[in-house]
Structures are given as C-alpha cells and as structure tokens.
Amino acid sequence: MPADSVIKDAKHGSEDMANRPTIQDVAVRAGLSLITVDRALNGRKKVRPETLRRIMEAAQAIGYHGVPLVEARLRDDLPSLRVGVLLLEGPHPAFFRGLGAGIEAEMRGLADFNGSALLEFADWSDPQNVASRLRKLGQQVDAIAAMTIDHPAITAIVGELRDLGKPVYSLLSDFAPGVRESYIGLNNRQAGRAGAWFVSRVARRPGKVLAFVGSSRFHGHEMREIGFRSYLRERAPAFEVVDTVSHPGDEAATYRLTSDLLRRHEDLVAINLAGFGPEGVIHALRDSGRAGDVVLVCNEVTPESATALTEEIVTLIIETPKVLLCRELVALIKQYKRDGASRPGQAFLPFNLLMPESI
C-alpha cells in the first residue's frame, strides 16, 4: 500500500476515534450528570433501574460503544426470575428442543427481570421419575413449566410445589387439573374435531379410520381422540373409527404397527395421529404404496412431517404456535412473581392448519 494511503487511513482512524461518542455525550443525551453516568457504567455506586434505562436509551440513540456494558449493569440490578422446564425425552425431539429454546429466549429477553430457564428432558413412561424430577427442579427455580402425563404421583408433587409458592404450568397436554396453576396450549378437543372435519371432506371415500395416541395418560391426546370421534359420530357417520392405537413414539415399533394395520385394513381411508412423532407412520405409508390414498393428519411440524407434507404423504398438520405459547407462559409466570398469583385455569391458543399448499 502506498505511503500516502497509509497516512490517510491513519488520519481517518484518528478522526473516527475523535468523533466517537463519549460518556459526556451519553450524560447530555440522558439529561444526567457526568458523575451519575460514570458511576452507573463503572459500578461505583448502585443506581436506580429507571436511571440505568435512561442511560441505556441515550447510549443506544447516539451509538455509544459501551451499550453492552449498560445492558449488563441494568440486568445485574434486576430481580431474578428462573423457570424450570421439563419436556419429553425421545419423541418429537426437534419440536421439544425448539420449544425449550423458545422459552429460554423469552426469559432472557425480559426487560423487568433477570430471567433464565433451566431446561431438562424426561422419559414420560416412568411417573415416579417425572415426579422426582419436578421436585428437584422446584428446589432450584421460581416456577415450573412441563409437558408430561396426568398421574396421581405427579399431581401430589405439583400440590407440594404449590404449597411452597412454586407454581406449575402444564404445556400442550394438561395434568394435575385443579392443582397446577394454569394450562397453556391448544383446545385439544377442538383440534380433534378440526382433524375429523378435514378427514370427512378430503378422504376420497367414506370408510375406516384409525386413531393413534401416545398414551391415555396424556390428557391432550385423549381429548383429541374424543373430539375426533365425536365429530365423525355426529356429522360424518359414514366414517368408522375402527381402533384407537397407543404408540410410545419409537419409530421402528410404530412402523411395524402401522404396516400391520395397513395390511389388516385394506379399506382404511384415514389415520389421525394425535400422539407422538409421525416418522414411523410416514415411512409405513410410503413403503405400503398407499401414501396419498390414506389421509394422514398429525400434530406439530418436524423436519420429517414437513418433508412428508410437501410429498403429500401427510395431508394436514395441526400446529401449535410455539412463539405465542412461550410468550403466554412467561407472561403468566411474571404475573405470579409480581402479584403472588396468575390467571388460573386454561389459556387456549389458536392453532394453525398446514396443508401441502401451505409450504
């Protein structure tokens, strides 16, 4: 590089440094004294959160390089709020890890609390282990959100935590009703009826239908089955639900089960998958050569279900708006932390209906 270019670059660099906003500029913009801003940034004396916010807004407005420092000081002075999150291990891994990450992000983004989330996963098939994990989480956090089965052992622990001032929120599938603080998720009976409405209009002909659930211990699965059956019974009796099948989410086992059912029911026209991951069902339909002939309704978007939707193996996905769920959960936890109570009962979210043409 020519010498004169080096000199020019050095000169421009010096000018940039000279024009860089200073603490004095932040103080003027915030309408505060230089001493106040200095001690706020350097932690020499505790400053009110309102003052720190004024400083942060001023620093952001003028492009002051120390904005991250102001944000860190502001967060250090906020009251802490930590939520424990217990989600399912095994089925729907992409969905549940995405949900956990969404809750973590929502907690970190709180403006009025130093929020954080402790994320764990548990095998739902052992209720005693789930209860133990909930109790342990309760010792480390201010509130708990969980997706798990409805079982007396779990309800007992939720009651213990409630008495300790540690509210528990059920996600997606309700549990411990009357004991937990709130349920946040879909109206699962309504989602089941929506699936049945779709089947009755899209299936190529009336015929036999299968309903899949993960377990009757999952209140959400049970309610979707009830809604699905009740709609067909009332509005589309030509469709016969021949069986309700429980499957634990294991892909290989679900594949074998679905393949056997497809062989046994040659006149099958639809499968309503209210339970866990659809991978085994999708692969069985693809290998049977009946993909597209059998309507498949499943819940939640996963990499596999999204691909199968574009291939028209999956006909409909009933999707929970994860961003809205995370936001509603955190708002209820904040309300409890602030007021000692939140809005008990059920917070139903709108669901999305995704079809091949939605992608």
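A residue is classed as buried when its relative accessible area is under 20%. By this criterion Thr320 is buried, because its relative accessible area is 3%. The model in which this value was computed is a predicted one. Thr320 is placed in the loop between strand 10 and helix 14 (322-339). Neighbours within four places in sequence set aside, the contacts of Thr320 are with Leu172, Leu186, Glu300, Leu325 and Leu349. Between Thr320 and Pro303 the sequence separation is 17 residues, and the C-alpha to C-alpha distance is 15 Å.

The protein as a whole contains 14 helices and 12 strands. Its radius of gyration is 27 Å, whereas the globule rule gives 21 Å for 359 residues; the protein is therefore more spread out than a compact globule. The C-alpha trace spans about 80 × 65 × 35 Å along the principal axes. Half of the chain is covered to the degree required by the cut-off, with 50% of the 359 residues counting as buried. Among contacts in the protein with a separation of 6 or more, 70% are made by residues 24 or more positions apart. The exposed surface of the protein amounts to about 16700 Å², of which carbon and sulfur atoms supply 50%. The charged groups comprise 44 positive and 45 negative charges, and the mean positions of these two sets lie 5 Å apart.

Aromatic contacts were examined next. The search of the whole structure returned 5 aromatic pairs. One of them joins Trp124 and Phe276, with ring centres 5.7 Å apart and planes at 35°, so this pair is tilted. The two residues come from distant parts of the chain, 152 residues apart: Trp124 lies in the loop between strand 2 (114-122) and helix 7 (127-138), and Phe276 lies in the loop between strand 8 (268-273) and helix 12 (279-288). Trp124 counts as buried because its relative accessibility is 13%, and Phe276 is likewise buried, at a relative accessible area of 2%.

Phe276 also pairs with Phe218. In this case the ring centres are 5.3 Å apart and the planes stand at 90°, so the pair is edge-to-face. Phe218 belongs to the loop between strand 6 (208-213) and helix 10 (219-235), and its pairing with Phe276 again links distant parts of the chain, the two being 58 residues apart. Both Phe218 and Phe276 are buried. Together, Trp124, Phe218 and Phe276 make up one aromatic cluster.

Backbone geometry was considered at two non-glycine residues. Ala176 is not a glycine, yet has a positive phi of about 50°. Ala176 is located in the loop between strand 4 (168-171) and strand 5 (182-186). The relative accessible area of Ala176 is 0%, so this residue is buried. A positive phi, of about 65°, is also found at Glu312, which is not a glycine either. The loop that holds Glu312 runs between helix 13 (303-310) and strand 10 (316-319). With a relative accessibility of 48%, Glu312 counts as partly exposed, because that class lies between the buried limit of 20% and the exposed limit of 50%.

Note on methods
Residues numbered from 1 in each chain as written. Predicted model: local features only at pLDDT ≥ 70, side-chain atom pairs only at ≥ 80, totals over all residues. Heavy atoms only, no water. Helix = DSSP H or I, 4+ residues; strand = E, 2+ residues; numbered from the N terminus. Rg over C-alpha atoms; globule rule 2.2 N^0.38 Å. Buried < 20%, exposed > 50% of the residue type's maximum accessible area, 1.4 Å probe, protein only. Contact = heavy atoms within 4.5 Å. Areas by Shrake-Rupley, 256 points an atom, 1.4 Å probe, with all protein chains shown as cover. Lys, Arg positive; Asp, Glu negative; His and termini not counted. Charge placed at Lys NZ, Arg CZ, Asp CG, Glu CD. Phe/Tyr/Trp six-rings, centres within 6.5 Å; stacked < 30°, edge-to-face > 60°.
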